[in-house]
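Student: Could you walk me through this model? I would like to start with the overall picture and then ask about a few details.

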Amino acid sequence: MSNRFSDVASLKDELAGVDYLSDDGIAGVVYLADRLEKPILVEGPAGTGKTQLAKSVSEITGARLIRLQCYEGLDEAKALYEWNYKKQLLRIQAESGGEEWDDISDDIFSDEFLLTRPLLEAISADEPVVLLIDEVDRVEVETEALLLEILSDYQVSIPELGTIQAKQIPLVFLTSNNTRELSEALKRRCLYLHVDYPDLEREKEIVLTKVPDITENLADQVARVVRSIRQIELKKHPSVSETLDWAKTLVLLGVEKIDEQTATQTINILLKYQSDINKAIKELATADGVSP
Amino acid sequence: MSVSESAGFDDAVATQEGIGDPILDLLNGFIVQLRAAGLPVSLTENLDAMEAVKHVPLGDRQTFKYALAATLVKHHNHWKAFETVFEVYFSLRGDEFSIGDDTVELPEMDDDEQQGEQASGDQQGGGGDNLSPEELAEMLYQSLMRGDQQMMRGVARQAVKRYAGMEPGRPVGGTYYLYRTLRNLDLDGVLERLLEQEQNEEGDAPSDFEQRLQRDEYQSRIDSLQKEIEAEIRRRLVADRGVEAMAKTLRKPLPEDVDFMHASREEMASLRKAIYPLTRKLAARLQRKRRHGRKGPLDFRRTVRASLSYGGVPAEPKFRNPRPHKPEIFVIADISGSVAAFARFTLHLVYAISGQFSKVRSFVFIDGLDEVTHMFEGVEDINEAVHRVNTEADVVWVDGHSDYGHALQVFWEKYGNDIGPRTSIMILGDARNNYHASESWIIKAMNDKARAVHWLNPEPNSYWDTGDSIVGEYAQHCDGTFEVRNLRQLEGFVDHLA
């Protein structure tokens with residue numbers, strides 16, 4: 001059991017210290033993950049700060065962040081380890097004739113010829129690390145199995161070398177945009193955290209922290225407009241990062257009060273589909289509120 | 001942390017590690033309730049939860065709840081079910097939620113900015129029992145105006161007490177009480193009043209845009225008030241009937257078990273979101289099947305790598321996987337009245353599928369049949385596409401009652417030649433043919449030409465081949481007939497394809 005954080009409230013404060021505004025749920029789960037030594041699976045819509053959470057945690061713990069970006073076709077050689085076969089080849093040729101074959105074959109499968117990839121690197125590191133496995137839903141179901149050993153036992157088995165145990169237990173974050181259902185086996189090994197769009201108050205706080213020179217009044221209005229837009233049924237709702245972009249734009253334009261015209265002119269920063277933009281403009285101009 | 005998977009270790013492990021028995025029992029009971037609600041809680045997760053609660057202060061309700069959620073709920077769709085069970089199961093176990101002490105019901109109000117409030121303020125000692133309806137309405141108005149959470153809770157308690165008319169042992173569900181309370185509070189009227197008030201203060205009339213924002217703000221406050229009222233009703237019901245009985249009445253099917261035919265509008269919305277990942281999976285399955293067993297061109301890198309095992313001699317050539325072919329899909333969907341609810345869902349499914357596959361052709365029929373592929377193409381908004389299908393597609397031939405036989409005939413004549421060996425055909429319908437001719441030979445002919453024909457039936461298996469349903473007649477020529485009434489079954493179908 002590790003004790004990186006003393007309690008939930010202080011963890012929340014520390015995260016706020018590095019400009020990551022968490023809530024009880026987020027801070028609580030990170031705290032538990034540390035205590036239980038379990039990975040966290042973070043799911044939620046795009047742009048709600050899932051990756052940022054891992055970065056912020058590594059920042060407050062002073063740990064090195066090791067990141068594995070997942071993509072379709074990711075394999076063992078890219079995620080775990082690979083034998084440096086060029087070097088192995090050189091080794092064989094350099095010694096040809098001089099040495100017994102048995103010695104060479106033992107020799108070329110040693111640490112020296114092993115290229116560590118993010119997962120192996122995370123558990124063989126001496127200093128504390130935070131391991132971020134980003135967008136894990138992008139790999140195929142079969143590839144997920146690669147992660148299971150490291151997630152449950154913090155070890156990697158290499159047939160030629162044996163099992164490498166973690167020197168210290170890393171804090172592991174897996175993020176997923178939920179484009180597909182992850183396997184039960186993976187989920188069972190993780191704590192589950194769903195990060196949704198923040199509520200009005202938190203979003204306002206985030207805008208205030210992240211956008212310099214914004215007035216409280218404007219931040220409040222920004223959060224309100226974004227909330228109204230999120231209530232409309234759209235292809236893609238504005239994410240937190242888009243809210244921030246919008247707020248920055250408004251500050252640059254010197255806007256003090258958002259009226260209909262400003263909103264209409266700058267809405268393309270919040271929404272990225274033309275059909276969404278049209279719909280939102282139409283909806284926002286009706287006083288009656290949510291139409292079905 | 002290594003965990004034994006065998007049952008029975010459950011209690012032993014947890015007690016060994018020193019959890020007090022009361023908490024253990026409490027958690028066990030909670031997990032039993034979760035499982036009863038359909039949530040898949042494995043033994044590992046159970047143990048994790050036991051471990052987790054040791055690390056959180058038990059007095060902190062929120063943290064406790066999140067600790068349980070993080071270890072027990074691994075799917076966002078299950079969150080709502082979890083929350084309901086949690087609120088019911090632990091409803092009488094929090095400090096602030098004790099039910100007997102009516103004296104603390106009204107929170108202290110800041111007296112300065114209260115105008116119409118004096119009356120109720122004076123009566124706090126009496127537990128606020130003597131509030132007149134007008135005073136309660138005024139309190140409601142004030143609490144919403146200021147967005148005061150404490151006060152809303154007080155109002156909710158008062159309102160439930162006064163209006164719900166709850167009697168011990170009365171066998172009605174919570175929704176009845178909720179309805180009664182809300183009807184008396186007239187929240188819509190309050191909303192209008194709030195908005196008018198706002199306009200009067202502003203002086204000049206605000207633009208529609210501002211009004212809209214204002215309305216959303218008040219609406220969200222009203223929503224939170226409504227949540228308070230629901231919680232209050234739930235608490236009282238639990239106190240009256242006990243946890244088990246309440247958990248049972250409040251149990252709702254999980255999103256994946258919701259029947260397409262009887263889904264409410266909210267459920268439909270969440271179903272739509274769930275379809276998208278499923279179609280991706282479907283796409284992956286169909287592609288992978290083609291990839292097996294065939295070899296592509298030589299893969300030089302892997303060959304050299306493999307040659308190391310033979311001292312640099314390329315003795316074992318390696319090949320690339322062949323580029324997977326894009327599968328071709330024909331979707332033929334019944335959109336007649338008897339499957340109307342299912343059809344709406346079907347169209348969403350078709351829309352989602354056509355986003356995943358490059359070659360999807362979709363057809364809809366009642367007693368005539370029409371191709372609607374173009375209506376889904378380049379359409380950004382699914383509702384618009386569905387609307388177009390329902391209004392523009394030419395699917396009525398004689399009387400607008402299902403006639404599978406004729407629809408199939410039209411399909412065969414017009415599009416039969418387009419079916420190739422790479423085509424997968426999915427037919428969605430209940431095969432209730434109104435006693436017309438079945439023309440099932442067409443299905444056989446289709447299956448001979450196509451790679452596969454699957455029939456998805458929204459009716460329960462036990463109804464098949466009863467009355468005018470002739471699904472059995474078609475099924476003998478299909479590669480598979482599946483009962484698909486909810487997401488779980490749809491997923492089962494997709495898995496079956498692999």
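Tutor: What follows goes from one whole chain to the contact between chains and then to single helices and residues, and please keep in mind that this is a predicted model.

Student: OK, what is chain A made of in terms of secondary structure?

Tutor: The secondary structure of chain A comes to 14 helices and nine strands, and the chain is divided into domain 1 (8-76 + 126-194), domain 2 (81-116) and domain 3 (200-284).

Student: How many Å separate the centres of domain 1 and domain 2 of chain A?

Tutor: Taken over C-alpha atoms, the centres of those two domains of chain A are 34 Å apart.

Student: And what radius of gyration does chain A have, next to a compact globule of 292 residues?

Tutor: Chain A has a radius of gyration of 24 Å, whereas a compact globule with that number of residues would be near 19 Å. Along the principal axes, the C-alpha atoms of chain A fill a box of roughly 85 × 45 × 35 Å.

Student: What share of chain A counts as buried?

Tutor: Of its 292 residues, 36% count as buried. As for the contacts in chain A with a separation of 6 or more, 76% of them are between residues 24 or more positions apart.

Student: Switching to the interface, how many residues of chains A and B are in contact?

Tutor: There are 37 residues of chain B in contact with 40 residues of chain A. On the side of chain B that touches chain A, the elements giving two or more residues are H3, helix H4 (61-72), helix H11 (208-241) and helix H13 (265-291).

Student: Which of them gives the largest share?

Tutor: H11(B) does, with nine residues, and the residues on that side of chain B divide into 11 nonpolar, 12 polar and 14 charged.

Student: Since H11(B) came up, is B:Gln219 in that helix buried or partly exposed?

Tutor: B:Gln219, which lies in helix H11 of chain B, counts as partly exposed because it has 17 C-beta neighbours inside 10 Å, while 20 or more would be needed for a residue to be called buried. Its C-alpha atom is separated by 9.5 Å from that of B:Leu187, 32 residues apart along the chain.

Student: And H3(B), how many of its residues are buried?

Tutor: Helix H3 (residues 43-53) of chain B is mostly covered, with eight of its 11 residues buried, among them B:Glu45, B:Asp48 and B:Val53.

Student: What about H7(B), which residues are buried there?

Tutor: The buried residues of H7(B) are B:Leu136, B:Ala137, B:Met139, B:Leu140, B:Ser143 and B:Leu144. They lie on the same side of H7(B), because they cover an arc of only 160° around the axis. The helix itself, residues 133-146, has 14 residues and reaches 20 Å from its first C-alpha to its last, close to the 20 Å expected at 1.5 Å a residue. Just after H7(B), B:Gly147 takes a positive phi of about 60°.

Student: Which residues that are not glycine have a positive phi?

Tutor: Among them are A:Glu37, with a phi of about 55°, and B:Tyr435, with a phi near 60°. Most residues other than glycine have a negative phi.

Student: Where do those two lie?

Tutor: A:Glu37 lies in the loop between helix H2 (24-36) and strand S1 (40-43) of chain A, and it is partly exposed, with 15 other C-beta atoms within 10 Å. B:Tyr435 lies in the loop between strand S4 (423-428) and helix H19 (441-449) of chain B, and B:Tyr435 is exposed, with 10 other C-beta atoms within 10 Å.

Technical notes:
Residues numbered from 1 in each chain as written. Chains lettered and ligands numbered in written order. Predicted model: local features only at pLDDT ≥ 70, side-chain atom pairs only at ≥ 80, totals over all residues. Helix = DSSP H or I, 4+ residues; strand = E, 2+ residues; numbered from the N terminus. Buried ≥ 20, exposed ≤ 12 C-beta atoms within 10 Å, placed from the backbone. Expected span 1.5 Å × (residues − 1). Arc of directions from axis to C-beta. Domains from an automatic or database assignment. Contact = placed C-beta atoms within 7 Å. Nonpolar A, V, L, I, M, F, W, Y, C, P; charged D, E, K, R; others polar. Rg over C-alpha atoms; globule rule 2.2 N^0.38 Å.
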